[in-house]
Amino acid sequence: MAGARLVYDLNPKGLVPVLVDPSGRVVVESEDIVDAIAQQSSAGLSKAPGPDAAEIRRLINQRLLPAGKKAKMFGQPGDLGPVLQDLDKMVAGPFLAGEEVTVADISAAPMLQRLFEDGMVPQELTQLHSWWNAVNGLPSFQKTMVQSYWWWW
Ligand SMILES: N[C@@H](CCC(=O)N[C@@H](CS)C(=O)NCC(=O)O)C(=O)O
C-alpha cells in the first residue's frame, strides 16, 4: 500500500508496539511509550506521578514481570508469592500510587490481569484485590480487553 510503513522501518527489531507521535518521533519499548503518552497533556495521566509510582514501577518491571511470566508460562511460582505480597503493601489505594491512575497502574495492569484471571493472586492480598476491582471498573481499561490474547513478554 502506498505510504504504508513497515514495522521494520520504524523499529529495526521488528517488534510492536511502536508509537509515532504527532511530531513524527518514533518511540519503541512499552514503558517508554507509556511515558511518552503520559507527557501528552490530553492523555489524562499525571505527568509527574511522584516517587511512589516510580518505586512501584521498578518492582513491576524488575520483579513482577519475570516472576509472573515464569509462573504462568512455565508453572514455576518461584518468587511470585513474595513479589505479590510486597506489591500489596505498596498499594496506596484506590490506585497504586493513590487517587490518580498513574504510569505505575498502566505498567502493572497487563501482567496482573493475567494473574487475576487465573486465580493466582491470593485472597488475603486484599489491597491488590481492591486495586484490581478499581482498575477493572475503568471504562478505559475495559476498552483494552480482548477475547483471547497471548503473551508478549
Ligand atoms: N520489550 C518490548 C517487547 C516487545 C515485544 O516483544 N513485542 C512482541 C509482540 S507483543 C512482538 O512484536 N513480537 C513479534 C516477533 O517476535 O516477531 C516492549 O515492551 O515493547
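These are legends for several close-up views of a predicted model.

**View 1. Helix α4 and its buried side.**
Start with helix α4, which runs over residues 80–90. Leu80, Val83, Leu84, Leu87 and Asp88 are its buried residues. They sit on the same side of α4, because the arc they cover around the axis is only 140°. As for what covers them, the neighbours include α3 (50–74), α5 (103–117) and α6 (126–136). Note that an aspartate, Asp88, is among the buried residues here.

**View 2. Helix α3 against helix α5.**
Here α3 and α5 pack with their axes 9 Å apart, at an angle of about 20°. Angles under 35 degrees count as roughly parallel, so that is the label for α3 and α5. The crossing of α3 past α5 is left-handed. On the α3 side, the contact is made by Ala53, Ile56, Arg57, Ile60, Leu64, Leu65, Gly68, Lys69 and Lys72. From α5 come Val103, Ala104, Ser107, Ala108, Met111, Leu112, Arg114 and Leu115. Sort the residues of this contact by class and you get 11 nonpolar, two polar and four charged.

**View 3. Helix α2 against helix α5.**
The angle between α2 and α5 is about 145°, and their axes are 10 Å apart. This time the crossing, α2 past α5, is right-handed. Glu31, Val34, Asp35 and Ala38 of α2 make the contact with Val103, Ile106 and Ser107 of α5. By class, that contact has four nonpolar, one polar and two charged residues. Two of the α5 residues in this view, Val103 and Ser107, also take part in the contact with α3.

**View 4. The buried residues of helix α2.**
Staying with α2 (30–38), look for Ile33, Val34, Ala36 and Ala38, which are buried. The elements they pack against are β1, β2, α3 and α5. Val34 and Ala38 should look familiar, as both belong to the contact of α2 with α5.

**View 5. Helix α5 meeting helix α6.**
The axes of α5 and α6 come within 11 Å and cross at roughly 105°. Angles of 65 to 115 degrees count as roughly perpendicular, and that is therefore how α5 and α6 are placed relative to each other. In α5, the residues to pick out are Asp105, Ala108, Ala109, Leu112, Gln113 and Phe116. They meet Leu128, His129, Trp131, Trp132 and Val135 in α6. This contact divides into eight nonpolar, two polar and one charged residue. Ala108 and Leu112 of α5 are also part of the contact with α3.

**View 6. Two cis peptide bonds, each leading into a proline.**
Zoom in on the backbone between Val16 and Pro17 and you find a cis peptide bond, with omega of about 5°. Pro17 has its place in the loop between α1 (7–10) and β1 (18–20). The peptide bond from Gly93 to Pro94 is cis too, with omega near -5°. Look for Pro94 in the loop between α4 and α5.

**View 7. Glu29 and its positive phi.**
Glu29 is not a glycine, yet its phi is positive, at about 80°. You'll find Glu29 in the loop between β2 (26–28) and α2 (30–38). Is the residue buried or partly exposed? Glu29 is partly exposed, because its relative accessible area is 49% and the partly exposed class runs from 20% to 50%.

**View 8. Asp79 in the loop before α4.**
Asp79 lies in the loop between α3 and α4. With a relative accessible area of 38%, Asp79 is partly exposed. Which residues does Asp79 contact, leaving aside its neighbours within four places in sequence? They are Arg63 and Ala67. Pro66 is 13 residues from Asp79 in sequence, and the two are 9.1 Å apart in space, C-alpha to C-alpha.

**View 9. Asn136 in helix α6.**
Asn136 has its place in helix α6. Its relative accessibility is 25%, so Asn136 counts as partly exposed. Not counting residues up to four places away in sequence, Asn136 touches Phe141, Gln142 and Met145. For a sense of scale, the C-alpha atoms of Asn136 and Arg25 are separated by 31 Å, and the two residues are 111 residues apart along the chain.

Technical notes:
Residues numbered from 1 in each chain as written. Predicted model: local features only at pLDDT ≥ 70, side-chain atom pairs only at ≥ 80, totals over all residues. Heavy atoms only, no water. Buried < 20%, exposed > 50% of the residue type's maximum accessible area, 1.4 Å probe, protein only. Helix = DSSP H or I, 4+ residues; strand = E, 2+ residues; numbered from the N terminus. Arc of directions from axis to C-beta. Contact = heavy atoms within 4.5 Å. Axes fitted to C-alpha atoms, helices over the stretch in contact; angles between N-to-C directions. Parallel < 35°, antiparallel > 145°, perpendicular 65-115°, else oblique. Left-handed = near helix turned anticlockwise from the far one by under 90°. Nonpolar A, V, L, I, M, F, W, Y, C, P; charged D, E, K, R; others polar.
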